[in-house]
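Hi,

Here is the model I promised to pass on. Have a look at it first, and my notes follow underneath.

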Amino acid sequence: VLQERLTRSKKMEALGLLAGGVAHDLNNVLSGIVSYPDLLLLDMDDDDPLKKPINTIRSSGQKAAAIVQDLLTLARRGVVTSQVLNLNSLIDEYLQSPEHKKMMSLNHAITVHKDLEEDLPNISGSPIHLKKTLMNLLSNAAEAQPGGGGITIATRSRYLDRPVRGYDQVDAGEYIIVSVSDHGEGIDPVDLPHIFEPFYTKKVMGRSGTGLGMAVVWGTVQDHSGYIDVQSTPGKGTCFTLYFPMTRLEMKSKEGGDTPLDAIKGNGESILVVDDVEEQRTIAQVLLERLNYSVKAVSSGEKAISHIRENPVDLLVLDMIMDPGIDGLDTYRGILVHRPAQKAIIASGYAETSRVRKALSLGAGPYVKKPYTIVNIGKAVQEALKASA
C-alpha cells in the first residue's frame with residue numbers, strides 16, 4: 001500500500017511539472033487577450049457595435065485563464081494565500097452559484113441533499129479552489145447517475161486519535177470532513193487507482209469539461225494539507241470524503257460588490273515594472289498609467305537594481321520568474337540593500353510558492369496573479385502603497 005501511494009505521488013508530481021510549464025507559457029499568451037479588452041471597453045459607448053464582440057473576447061480569455069488555473073492547481077502552484085472560511089457557508093454559496101445551476105439544468109433528474117453539521121468549525125483555505133473542488137465532485141456524481149438520482153453533500157467535524165487508512169492515510173488530528181456521495185454507476189476497481197490522473201476518464205469528451213476535474217480535486221486537497229478517501233462499489237455508488245485540518249481562527253467580515261475604477265486610482269505615484277517579457281511589461285505599464293500612476297519598465301532584475309540606485313520609486317511590480325538573470329526574489333533582495341524600506345508586489349502566472357512566500361516575508365506584498373486585469377493589479381498596487389513601510 002505504501003509503495004502504491006509513493007508511485008502515485010511520483011506520477012502526479014511528474015504530471016504537475018508538465019502542467020506547470022504549460023501554464024506558465026499560456027499565461028503569457030493570455031495576458032493580452034484578458035487585459036486589453038478591459039482597456040478598450042473603458043473608452044467605448046454603451047451602444048458601440050464592437051462592445052459585444054470585445055466582451056466575448058474578454059469572457060473567452062477569462063475562461064481560458066480558468067483552465068490555466070486548473071493546470072496550476074495540478075502543478076501544486078495554485079494556492080499562495082489562504083483565508084479562514086467555513087465549509088458550510090462555502091457549500092451554500094456554491095449551491096446558489098450560476099455554475100451549479102447550469103450543472104443542474106443539464107441533469108434535470110438529479111437532486112442534491114445537504115447534511116451539514118451545525119456550528120461547524122472553520123478551516124484555512126482558498127474559496128476559489130474549494131468551490132471548484134465541490135463543482136467537480138458534484139458534476140461527477142450527477143453524471144454517474146444518467147437516469148437520475150440523489151447526491152448527498154455532508155460535513156462533520158472530527159478528532160482522529162489514530163491514523164485512518166483509506167485511499168490516503170489520514171494522520172491523527174482535528175479535521176473538518178466533507179463528503180459527496182451518490183448511488184450511481186460506481187467506479188471499477190481497475191480504474192480506482194487512476195481516477196486522479198489528468199485526462200483519465202470514461203466520460204464522453206466534449207460534454208464533461210477539460211479532463212482535469214479530478215486532478216484538480218487531488219491538487220487542491222494536497223495544497224490544503226488535507227487527505228482524500230474514495231469508497232466505491234460498481235452499480236451501487238461512490239463516496240468521496242475529504243479531510244481538511246481544522247483551525248480555531250475566526251473568519252473576517254466580507255467586503256462586497258464590484259470595485260469602481262475611481263476607487264483604485266493612484267495619485268501619480270512612481271512605479272517600476274520588472275518583467276523579462278516585453279508584452280507583459282507593456283500591459284502592466286498601460287494598465288497602471290490608466291490608473292494614474294507614473295510608470296517605468298525594465299526587462300531584468302539586474303536592470304531594476306541599477307535603476308533603483310539612482311531613481312527611487314514608490315513601488316516595484318516584480319515578475320517572479322525571469323530568464324536569463326536573477327528572479328523576483330533575488331531582485332528584491334538586491335534592491336533592499338540600497339532601499340531597505342522599498343515597497344513591492346510580486347506578480348507571476350506560475351510561482352514557486354516557497355520563493356513567493358520568501359519574498360512576502362521580506363516585505364513584498366501582496367501577490368498578484370497573471371494574466372492582469374485592471375482591477376486585480378489596481379487593488380494590489382493600492383494595498384501595497386497603503387501598507388506601512
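Two residues count as being in contact when they have heavy atoms within 4.5 Å of each other. With that in hand: among contacts in the protein between residues at least 6 apart in sequence, 75% join residues at least 24 apart.

Some bookkeeping before the details. This is a predicted model, so local features need pLDDT of at least 70 and side-chain atom pairs count only at pLDDT 80 or more, while totals for chains, interfaces and linings use all residues. Residues are numbered from 1 along each chain as its sequence is written, and side-chain values use heavy atoms, with hydrogens and water left out.

**Overall picture**

The protein has 11 helices and 14 strands. These are DSSP runs numbered from the N terminus, with helices being H or I of at least four residues and strands E of at least two. Of the 389 residues, 47% are buried; buried means under 20% relative accessible area, exposed means over 50%, and partly exposed is in between (1.4 Å probe, protein chains only). The protein exposes about 19,400 Å², and carbon and sulfur atoms supply 52% of that. Those areas come from the Shrake-Rupley method with a 1.4 Å probe; for residues, only the protein chains shown count as cover.

**Salt bridges**

I call it a salt bridge when a side-chain nitrogen of Lys or Arg is within 4 Å of a carboxyl oxygen of Asp or Glu. The count by this rule is 11.

Here are some to look at:

- Asp 38 and Arg 58 pair up at 2.9 Å, N to O. The two sit 20 residues apart, Asp 38 in helix H1 (residues 2-42) and Arg 58 in helix H2 (residues 51-74). Asp 38 is buried at 10% relative accessible area, whereas Arg 58 is partly exposed at 24%.
- Arg 290 and Asp 43 also form a salt bridge, at 2.9 Å, N to O. Arg 290 belongs to helix H7 (residues 278-290) and Asp 43 to the loop between H1 and H2, so this pair ties together parts that are 247 residues apart in sequence. Arg 290 is partly exposed at 33%, and Asp 43 is exposed at 57%.
- Asp 115 and Arg 156 meet at 2.7 Å, N to O. This pair links strand E2 (residues 110-116), home of Asp 115, to strand E4 (residues 149-160), home of Arg 156, across 41 residues. Asp 115 is partly exposed at 34%, and Arg 156 is partly exposed at 31%.

There is also a network of salt bridges that links Asp 327, Asp 330, Arg 333 and Arg 355.

**Around Pro 37**

Pro 37 is in helix H1 and is buried, at 5% relative accessibility. Setting aside neighbours within four places in sequence, Pro 37 is in contact with Gly 32, Ile 54, Ile 57 and Arg 58. That last residue, Arg 58, is the salt-bridge partner of Asp 38. The C-alpha atoms of Pro 37 and Gly 61 are 9.6 Å apart, with their positions 24 residues apart along the chain.

**H4 against H5**

How do H4 and H5 pack? Helix H4 (residues 98-106) and helix H5 (residues 127-143) pack at about 5°, with their axes 11 Å apart. Axes are lines fitted to C-alpha atoms, for helices over the stretch in contact, and angles run from 0 to 180 degrees between N-to-C directions. H4 and H5 are therefore roughly parallel, the term for angles under 35 degrees (over 145 is roughly antiparallel, 65 to 115 roughly perpendicular, and the rest oblique). From H4, Glu 99, His 100 and Met 103 meet Met 135, Leu 138, Ser 139 and Ala 142 of H5. The contact residues divide into four nonpolar, two polar and one charged. Here Ala, Val, Leu, Ile, Met, Phe, Trp, Tyr, Cys and Pro count as nonpolar, Asp, Glu, Lys and Arg as charged, and the others, Gly among them, as polar.

**Backbone oddities**

Most residues other than glycine have a negative phi, and most peptide bonds are trans. Worth checking against that:

- A cis peptide bond joins Asp 323 to Pro 324, with omega about 0°. Pro 324 is in the loop between strand E12 (315-319) and helix H9 (328-338).
- The Gly 365 to Pro 366 bond is cis as well, with omega near 0°.
- Asp 119 has a positive phi of about 50° and is exposed, at 75% relative accessibility.
- Ser 225 has a positive phi near 55° and is exposed at 51%.

Cheers
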